[in-house]
Amino acid sequence: MDSGGFSLLFFMHKTQYEPVPETLRLYFGDNFVFDNCVWRGLPIKVIKDVWFYTPTGGGTTVSQLPTSENINLNVEDALAYRDLLISKGITDPYSWSISIKMILEKYAPQLL
């Protein structure tokens, strides 16, 4: 279930937080936190029409990386998240997280 930018800003009680696996070095951490709540049956609530500011429109860390390193990390983390989803019993990780498929199609179609 791809959050599709849903998690630009989110809150949760620290007792519900499960650390992001180390295999996800830069990308897909927010996906993991969100999906982990879904897998555990935790309630997800939305607060709409709230304004917040982020200096780059999202991706402050990523915007500081050289392009080639950014692409390599994106592909590696997409593959790691695909494998994590499969390990959780998700039979079609590309449908669950469309970001994985989009990244691989663009940068590494041979890995699909």
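At what angle do the axes of helix α2 and helix α4 cross, and within what distance do they come? In this predicted model, the two axes cross at roughly 135° and come within 9 Å. Helix α2 covers residues 67-87, while helix α4 takes in residues 98-107. An angle over 145 degrees would count as roughly antiparallel and one of 65 to 115 as roughly perpendicular, so a crossing that fits neither range ends up as oblique. That is why α2 and α4 are described as oblique to each other. As for handedness, the crossing turns out to be left-handed.

Next, the residues at this crossing. On the α2 side, the contact is made by Ile71, Asn74, Val75, Ala78, Leu79, Tyr81, Arg82 and Leu85. Their partners in α4 are Ile100, Ile103, Leu104 and Tyr107. Sorted by class, the contact comes out with 10 nonpolar residues, plus 1 polar and 1 charged. The polar one is Asn74 and the charged one is Arg82, both in α2.

Zooming out to the whole protein chain, there are 4 helices and 0 strands, so reading along the sequence simply gives α-α-α-α. The chain has 112 residues, and 30% of them count as buried. Its accessible surface comes to about 7,600 Å², with carbon and sulfur atoms holding 57% of that area. Contacts along the chain can also be sorted by sequence separation: taking those with a separation of 6 or more, 62% are between residues 24 or more positions apart.

Key: Residues are numbered from 1 along each chain as its sequence is written. This is a predicted model: local features need pLDDT of at least 70, side-chain atom pairs count only at pLDDT 80 or more; totals for chains, interfaces and linings use all residues. Side-chain values use heavy atoms; hydrogens and water are left out. Axes are lines fitted to C-alpha atoms, for helices over the stretch in contact, and angles run from 0 to 180 degrees between N-to-C directions. Helices (H or I, at least four residues) and strands (E, at least two) are DSSP runs, numbered from the N terminus. Angles under 35 degrees count as roughly parallel, over 145 as roughly antiparallel, 65 to 115 as roughly perpendicular and the rest as oblique. A crossing is left-handed if the near helix is turned anticlockwise from the far one by less than a right angle, and right-handed if clockwise. Contact means heavy atoms within 4.5 Å. Buried means under 20% relative accessible area, exposed over 50%, partly exposed in between (1.4 Å probe, protein chains only). Accessible areas come from the Shrake-Rupley method with a 1.4 Å probe; for residues, only the protein chains shown count as cover.
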